[in-house]
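Me: I have a model open on my screen and I'd like to learn how to read it. Can we go through it feature by feature?

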Amino acid sequence: MTMPKQLLAFGEIMLRLSPPGRELLLQSPRFDVWVAGAEANVATQLARLGQEVAFASAVPDNDLGRAAITTLRGHGVDVRGIRTSGERMGLYFVTSGAGLRATEVIYDRAWSSFAEAPADAWDWPALLAGVDRLHLSGITPALGPVPAASALAAVEAATAHGVAVSFDGNWRGKLWERWDSDPQTILTGIVSHADLMFGNHRDIALLLGRDFSGEAEDRRREAAEAAFAAFPRLQTIASTARTVEHVDLHRLSARIDTRTGAVQTGEVVLAGIVDRIGGGDAFAAGVLHALRSGGDSEAAARTGLALAALKHSLPGDASLFRQADIDAYLAGGLDVRR
C-alpha cells in the first residue's frame, strides 16, 4: 500500500496569552493560554481533517516547548521535525475587542528559539522526504534576517526536490519594523517558488510595488493577473474579503483566482464573533484540504470560507473542526445537532 504524501508546514510555534472574556490586559491577574502560530494553526486543522501533516520548527527544551509539541502531536501532527534548541518560547498577547473597541496584539517573540535557529539548522532533504507540499507564511521572514534566510532556503530546497510550495502573505508590519528589512525583495524571492498563494490585492501590490485602481472584484482580478505575469510558477491565488461593521459583526467572502478565471463566493454574515484571530489560517487550511482531497476551485473557496466562518465561533488560535462540522455548515443546519 502506498503511503499518502505529507504536507510539511514550517514556522514558529508560540504561546498565546489572553485575558479572560473581553477584559483588558491584566484587568484580572490571569491569562488563558493556547498553543499558537499561523503555520501551526494550518497544520493542526489539516491533521484534524485527516490529512497527513508534518511540522518543522524549533522550541526550547523546557515545559513550554514540550507542551507545544504535545499539543500538536495530540491533534495528529507529525512533530519529528520540531527541534529543541535555544532558551525561550515566542509569546504574544491578545486583548479581545468588544463593540467599538478593536482587538489588540502585543508581540513578545524576539530572540525565541525559532528566531535564533541558524539557517543551516534545517536538514531540508530529510524534512522534505515523503512530502509533496511545503507550507509557510510571511511571518517567518518578518522575524529577522536569519529566519528570512531560513524561509528562502526552505522554498529553494522544496523546488529542487520537486515539492510544491504554498505561501500565505500574513503581513505583520510590527515585526518587519523591528529590523532593517526589505520586505518586497525578501517576499518576492519566496513567492517566486510558490504555485499557491494566500493573499489579496494589497499583498500583491506590496510584492510588485504598484497599486491597483479597479473596484472590488475587478481590482482583485487585475492584481491576480499581474501576479501571474510576475511569477511564472504561480497557478492559484486564494483570498478573502472582510467588511467590519463592529467587533462582533463582520461580513466575509472568499475567492480563488487561477490563470484561466476566478470563483467568487457570496458574503456570509458573522454575528456574535467569539474570536477572529486565526480565521485566515482556517481559510488556508480549508483551501488546502479541498485541493488535497481532489476538489476544484469552487470546492476550495467554499471549504475555506466554511472553516474561516466556523473559526470565528471558537476561542484561541487554532481551528479544530472535523469534516462533519464543515458538512453541517455547508448544509445550513444551525439547530441543535442531537
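Me: Let's start inside. How do the residues of the lining of the largest cavity divide into nonpolar, polar and charged?

Reply: Keep in mind that this is a predicted model. The lining of the largest cavity splits into 6 nonpolar residues, 1 polar and 1 charged. Going by name, you'll find Phe167, Gly169, Trp171, Leu187, Met197, Asp203, Leu206 and Leu207 around it. Glycine counts as polar in this scheme, so Gly169 is the polar one in that lining.

Me: Which helix gives the most to the lining of the largest cavity?

Reply: That's helix H9, residues 201-208, with 3 residues. The volume of this cavity is about 50 Å³.

Me: How many cavities of 30 Å³ or more does a search of the whole structure find?

Reply: The search turns up 2. The second largest has a volume of about 40 Å³, and its lining is made of Gly199, Asn200, His201, Ile204, Arg220, Ala224, Ile237, Ser239 and Asp257. Two or more of those residues come from each of H9, helix H10 (216-230) and strand E11 (236-246). Sorted by class, this lining holds 3 nonpolar, 4 polar and 2 charged residues.

Me: E11 came up there. How do I read the way a strand pairs?

Reply: The general idea is that strands of a sheet pair through backbone hydrogen bonds, either parallel or antiparallel. Now look at E11 here: strand E10 (residues 196-198) runs parallel to E11, and 3 bridges join them. As an example, Leu196 has Thr236 in E11 as its bridge partner.

Me: And in which sense do E11 and strand E12 pair?

Reply: Antiparallel, over 10 bridges, with E12 covering residues 249-258. To find your place, locate Thr243, which sits opposite Arg251 in E12. The link between E11 and E12 is a hairpin of 2 residues.

Me: There's also an open sheet. In what order do its 4 strands come?

Reply: The order is E3-E2-E6-E7, and the pairing is mixed. Strand E3 (32-36) and strand E7 (104-108) are at the edges with a single partner strand each, so one side of each has no neighbour in the sheet. From one strand to the next, the twist averages 25 degrees. For a pair to inspect, take strand E2 (residues 14-18) and E3: they run antiparallel and are joined by 5 bridges. Within that pair, Leu17 stands opposite Val33 in E3.

Me: Let's zoom out. How many helices and strands does the protein chain have?

Reply: The chain comes to 13 helices and 14 strands. Its radius of gyration is 19 Å, close to the 20 Å that the globule rule gives for 338 residues, so the chain is as compact as a globular protein of that length. Along the principal axes, the C-alpha trace spans about 50 × 50 × 45 Å. Of the 338 residues, 54% count as buried.

Me: Could we finish with one residue? Is Ala282 buried or exposed?

Reply: The cut-off to know is that buried means under 20% relative accessible area. Ala282 has 2%, so this residue is buried. You'll find Ala282 in helix H11 (residues 279-292).

Me: And what separates the C-alpha atoms of Ala282 and Leu307 in space?

Reply: A distance of 5.4 Å separates them, although these two residues are 25 residues apart along the chain. When you read a fold, check both separations: the one along the chain and the one in space.

How values were computed:
Residues are numbered from 1 along each chain as its sequence is written. This is a predicted model: local features need pLDDT of at least 70, side-chain atom pairs count only at pLDDT 80 or more; totals for chains, interfaces and linings use all residues. Side-chain values use heavy atoms; hydrogens and water are left out. On a 1 Å grid over the protein atoms alone, a cavity is a set of points where a 1.4 Å probe fits but cannot get out, and a pocket is an open set with protein on both sides within 12 Å along at least five of seven lines; lining residues have an atom within 4 Å of a point. Grid points are joined across faces, edges and corners, and a volume is the space filled by probe spheres set on the points. Two strands pair if DSSP finds at least two bridges between them. Axes are lines fitted to C-alpha atoms, for helices over the stretch in contact, and angles run from 0 to 180 degrees between N-to-C directions. The radius of gyration is taken over C-alpha atoms; the globule rule is 2.2 Å times the number of residues to the power 0.38. Buried means under 20% relative accessible area, exposed over 50%, partly exposed in between (1.4 Å probe, protein chains only).
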